[in-house]
Amino acid sequence: VGDGIILNQVAVGCECRDCLLEQAAGGCCPGVSHHKFAYNELGQVKIKAGMPIYECNSRCSCGIDCPNRVVQKGIRYDLCIFRTDNGRGWGVRTLEKIRKNSFVMEYVGEIITSEEAERRGQIYDRQGATYLFDLDYVEDVYTVDAAYYGNISHFVNHSCNPNLQVYNVFIENLDERLPRIAFFATRPIRIGEELTFDYNMQVDPVNAESTRMDTNFGLVGGLTGSPKKRMRIECKCGTESCRKYLF
């Protein structure tokens with residue numbers, strides 16, 4: 001967490017004996033926040049992209065095996081970094097089959113203010129790389145910078161026909177300006193297949209709240225624009241639906 005940013009710990013948790021059953025009656029953490037329960041009994045996301053995910057937290061009565069604890073358990077698949085052969089730098093592929101709608105990884109980095117992101121973005125532009133992810137679920141106030149702190153998600157490439165979708169997740173902190181960013185599989189993913197998501201995603205409105213998810217992304221070596229100031233970047237994803245440019 002960068003300077004001047006405070007993460008307020010959640011004050012309450014659910015008292016469910018079985019979160020999967022009791023959520024149907026409007027209980028559990030999602031219901032308290034007036035949102036839908038995000039997962040099925042297998043931990044696969046069942047809500048549409050753009051809807052927020054509210055998981056159980058450290059103050060809840062349920063245990064670690066609760067079906068509403070998915071993202072907080074971290075990466076469960078065997079993934080690896082590899083060097084692409086078409087000028088896209090490093091990428092990430094899976095070493096095992098991934099089920100559709102399964103959680104794959106979280107985008108992790110240093111949380112900074114948008115003002116600091118603008119300053120760093122100018123430096124990264126000159127270096128020819130940036131790893132800035134705007135947290136603009138409700139308003140563009142904070143950004144995640146994965147340049148110095150992060151995980152394997154740092155290396156995930158763009159595709160105009162991606163196999164990952166971004167969801168905003170809330171667990172220990174309920175400030176809507178500070179969601180956690182989670183990647184879920186949009187379809188079954190084969191062993192050895194590269195993992196990708198759309199850096200310039202567009203989420204179709206499913207209700208009023210979904211229109212607030214418009215995550216802007218300037219990522220990975222070779223990109224020369226930050227979320228605040230971008231040049232026109234050629235896309236090299238190679239898919240049939242390629243838009244030819246990232247931004």
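**Exercise 1. Cysteines**

Task: In this predicted model, work out whether Cys28 counts as buried or exposed, and find how many disulfides there are.

Solution:
- Start with the cover over Cys28. Its relative accessibility is 3%, and the cut-off for buried is under 20%, so Cys28 counts as buried.
- Next, recall what we're looking for. A disulfide is a covalent bond between the sulfur atoms of two cysteines.
- Now check the partner. The nearest cysteine sulfur to Cys28 belongs to Cys56 and is 3.6 Å away. A disulfide needs the two sulfur atoms within 2.5 Å, and Cys28 is in no disulfide.
- Try Cys14 too. Its closest cysteine sulfur is in Cys60, at 3.7 Å, which is too far for a bond. Cys14 is buried as well, with a relative accessible area of 7%.
- The tally for the structure comes to zero disulfides.

**Exercise 2. The helix α3**

Task: Find out whether the end-to-end distance of α3 agrees with its expected span, and say which elements help cover its buried residues.

Solution:
- Helix α3 runs over residues 114-127, which makes 14 residues.
- At 1.5 Å a residue, the expected span is 20 Å. The count used is one less than the number of residues.
- The C-alpha atoms at its ends are 19 Å apart, so the two values agree.
- Now look at which side chains are tucked in. The buried residues of α3 are Ser114, Ala117, Arg120, Gly121, Tyr124 and Asp125.
- To read that list, keep the helix geometry in mind. An α-helix has 3.6 residues a turn, so residues three or four places apart point the same way.
- Finally, the cover. It includes the strands β5 (110-113), β6 (132-135) and β7 (142-145).

**Exercise 3. Aromatic pairs**

Task: Classify the pair Tyr167 and Phe184, then do likewise for Phe183 and Phe197.

Solution:
- The structure holds nine aromatic pairs; we'll take two of them.
- For Tyr167 and Phe184, the ring centres are 5.3 Å apart and the planes make 75 degrees. Angles over 60 count as edge-to-face, and that is the class of this pair.
- Place the two on the chain: Tyr167 is in strand β9 (residues 164-170) and Phe184 in strand β10 (residues 180-185), 17 residues apart, so the pair links distant parts of the chain.
- Both rings sit in buried residues: Tyr167 has 6% relative accessibility, and Phe184 has a relative accessible area of 1%.
- For Phe183 and Phe197, the centres are 4.6 Å apart with 35 degrees between the planes, a tilted pair.
- Phe183 belongs to strand β10 and Phe197 to strand β11 (residues 196-197), so this pair ties together parts 14 residues apart in sequence.
- Phe183 is buried at 0% relative accessibility, and Phe197 is buried at 0% too.
- Zoom out a little: Tyr107, Phe133, Phe183, Phe197 and Tyr199 form one aromatic cluster.

**Exercise 4. Charges over rings**

Task: Name the ring that the charged end of Arg83 sits over, and the ring that Arg93 lies over.

Solution:
- The charged end of Arg83 is over the ring of Trp90, 5.0 Å from the ring's centre.
- Arg93 lies over the face of Phe82, and the distance to that ring centre is 3.8 Å.

**Exercise 5. Loops and odd backbone angles**

Task: Locate Lys48, and then explain what stands out about phi in His34 and Asn101.

Solution:
- Lys48 is in the loop between α2 (28-32) and β1 (53-54). With a relative accessible area of 56%, Lys48 is exposed.
- Lys48 and Tyr167 are 119 residues apart along the chain, yet their C-alpha atoms are separated by 9.1 Å.
- Before the angles, a reminder. Most residues other than glycine have a negative phi.
- His34 isn't a glycine, but its phi is positive, about 65 degrees. His34 sits in the loop between α2 and β1 and is exposed, at 72% relative accessibility.
- Asn101 has a positive phi as well, near 70 degrees. Asn101 is in the loop between β3 (90-94) and β4 (103-107), and at 26% relative accessibility it counts as partly exposed.

How values were computed
Residues numbered from 1 in each chain as written. Predicted model: local features only at pLDDT ≥ 70, side-chain atom pairs only at ≥ 80, totals over all residues. Heavy atoms only, no water. Helix = DSSP H or I, 4+ residues; strand = E, 2+ residues; numbered from the N terminus. Buried < 20%, exposed > 50% of the residue type's maximum accessible area, 1.4 Å probe, protein only. Contact = heavy atoms within 4.5 Å. Phe/Tyr/Trp six-rings, centres within 6.5 Å; stacked < 30°, edge-to-face > 60°. Lys NZ or Arg CZ within 6 Å of the ring centre and 35° of its normal.
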